[in-house]
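Trainee: Got a few minutes to go through this model with me? I'd like to start with the empty spaces inside.

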Amino acid sequence: MKKNNVAYKYLCYCIEGGIQFKCLFVNSSFEKFKTSSFYQLLYAQRTTLWKKYITRINVKINLELSHRYKIEQEAKNIGGETYYQVIDNNVAWIEQCLNLQIYPGEQIAGLMNSISQDITIKANNECEFASAMANVSLRHFNYGYDLLRNKLTKAMYAGEINPREVVEIFIFSKYRICKYRKEKPVYITTYIENTSEKNIIFNLPFEKAKTDIASANRNRYEWFIPRCDTKLNSQSLIKKYGITIMIGDWIGD
C-alpha cells in the first residue's frame, strides 16, 4: 500500500509534466499498481492533473514550436537550401525567445504535440516523455553554441534548459556534425575553435576525440552533467528493477 501511494504521487507529477495517461503504463512494472485503488484514483484525477499542465506551460509557444519542428523534419527529407533556410528560421525564432528571457524547452513549452488547437488532451498513438525540439534545431544549425552560448548558459541557470542539452549543442557545434552549408555564418562573432572551449572533452558520443577519465569527469562536473560511470550504474538498476532512470541513452558511457 505504501509503495502504491508513492507511485501514485509520482505518476501525478508525470501527468502534470505533460505525459499522457495512457503512456504511463508502457512498462510492465506498473501491472500490480493498476490493480490497486490508487490506479482508480489516478484515473479519476487525470483530467484535473492535465489541466495543471496546460496552465503551467506557454500554450502559444508549444503550438509554434511543435509546428516548426514538424516543418523542419519534413524539410530534412528534401535537404539542400530548403532545409537550411528552415533551420535558419527556427534558430532565429529560438534566439528571439531567448532575447525575451525564454528558452522554448520542456519547462516553458512542455512536450511536443501534447496539446491541440482547442487545448484538450490530444488523441494520438505517440508517447512523448521529453522535449528536445528546440535542441534539435540548434544542433542541426551546427553553430548553435557559437551563436547563443551566453544566452543558453543564462537559460540553464534559470532552470529552463538541462545542462545535458547545452553540452549536446556544444558537441554538435564544436565538431560541426550535422549537414549544413559549408560557409560559416558571418554574423557570428566568436567561433568555438577560437576559444579555450575548443579543448573541452567529455568522452561522450559524437565527440571525435577522447581524454582520460579524470579530465572528462572534471569537465562534466564543471558543466553540471553526470560522471562517466553513471550510465553503467543506471543500466545495472534497469536490469535489476526494470525501470529506466537514465535521461536517454546519451548521458554517459
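Trainee: So how many cavities of 30 Å³ or more does the structure hold?

Mentor: It holds two. A cavity here is a set of points on a 1 Å grid over the protein atoms alone where a 1.4 Å probe fits but cannot get out, and lining residues have an atom within 4 Å of a point. Points are joined across faces, edges and corners, and the volume is the space filled by probe spheres set on them.

Trainee: Any ground rules before we go on?

Mentor: This is a predicted model, where local features need pLDDT of at least 70 and side-chain atom pairs count only at pLDDT 80 or more, while totals for chains, interfaces and linings use all residues. Numbering starts from 1 along each chain as its sequence is written, and side-chain values use heavy atoms, with hydrogens and water left out.

Trainee: Thanks! What lines the second largest cavity?

Mentor: Its lining is Leu65, Arg68, Tyr69, Asn90, Trp93, Ile94, Met133, Ala134 and Ser137. Two or more of the lining residues come from each of α3 (59-78), α4 (80-99) and α6 (133-141); helices are DSSP runs (H or I, at least four residues) numbered from the N terminus. The volume of this cavity is about 30 Å³.

Trainee: Nice. Now the packing: which residues have the most contacts inside the largest nonpolar core?

Mentor: Tyr103 and Phe202, in a core of 42 residues. Such a core is a set of buried Ala, Val, Leu, Ile, Met, Phe, Trp, Tyr and Cys residues joined through side-chain atoms within 4.5 Å. Buried means under 20% relative accessible area, exposed over 50%, and partly exposed in between (1.4 Å probe, protein chains only). The helix α4 gives the most to this core, with nine residues.

Trainee: And is there another core, what does it include?

Mentor: A second, separate core has 22 residues, including Leu11, Cys12, Ile19 and Ile57.

Trainee: Switching to backbone: what is odd about Asn203?

Mentor: Asn203 has a positive phi of about 60° without being a glycine. Most residues other than glycine have a negative phi. Asn203 lies in the loop between α8 and α9 (213-222).

Trainee: Is Asn203 buried or exposed?

Mentor: Asn203 is buried, because its relative accessible area is 8%. Phe224 also has a positive phi, about 65°, but Phe224 counts as partly exposed at 47% relative accessibility. Phe224 sits in the loop between α9 and α10 (230-241).

Definitions and conventions: On a 1 Å grid over the protein atoms alone, a cavity is a set of points where a 1.4 Å probe fits but cannot get out, and a pocket is an open set with protein on both sides within 12 Å along at least five of seven lines; lining residues have an atom within 4 Å of a point.
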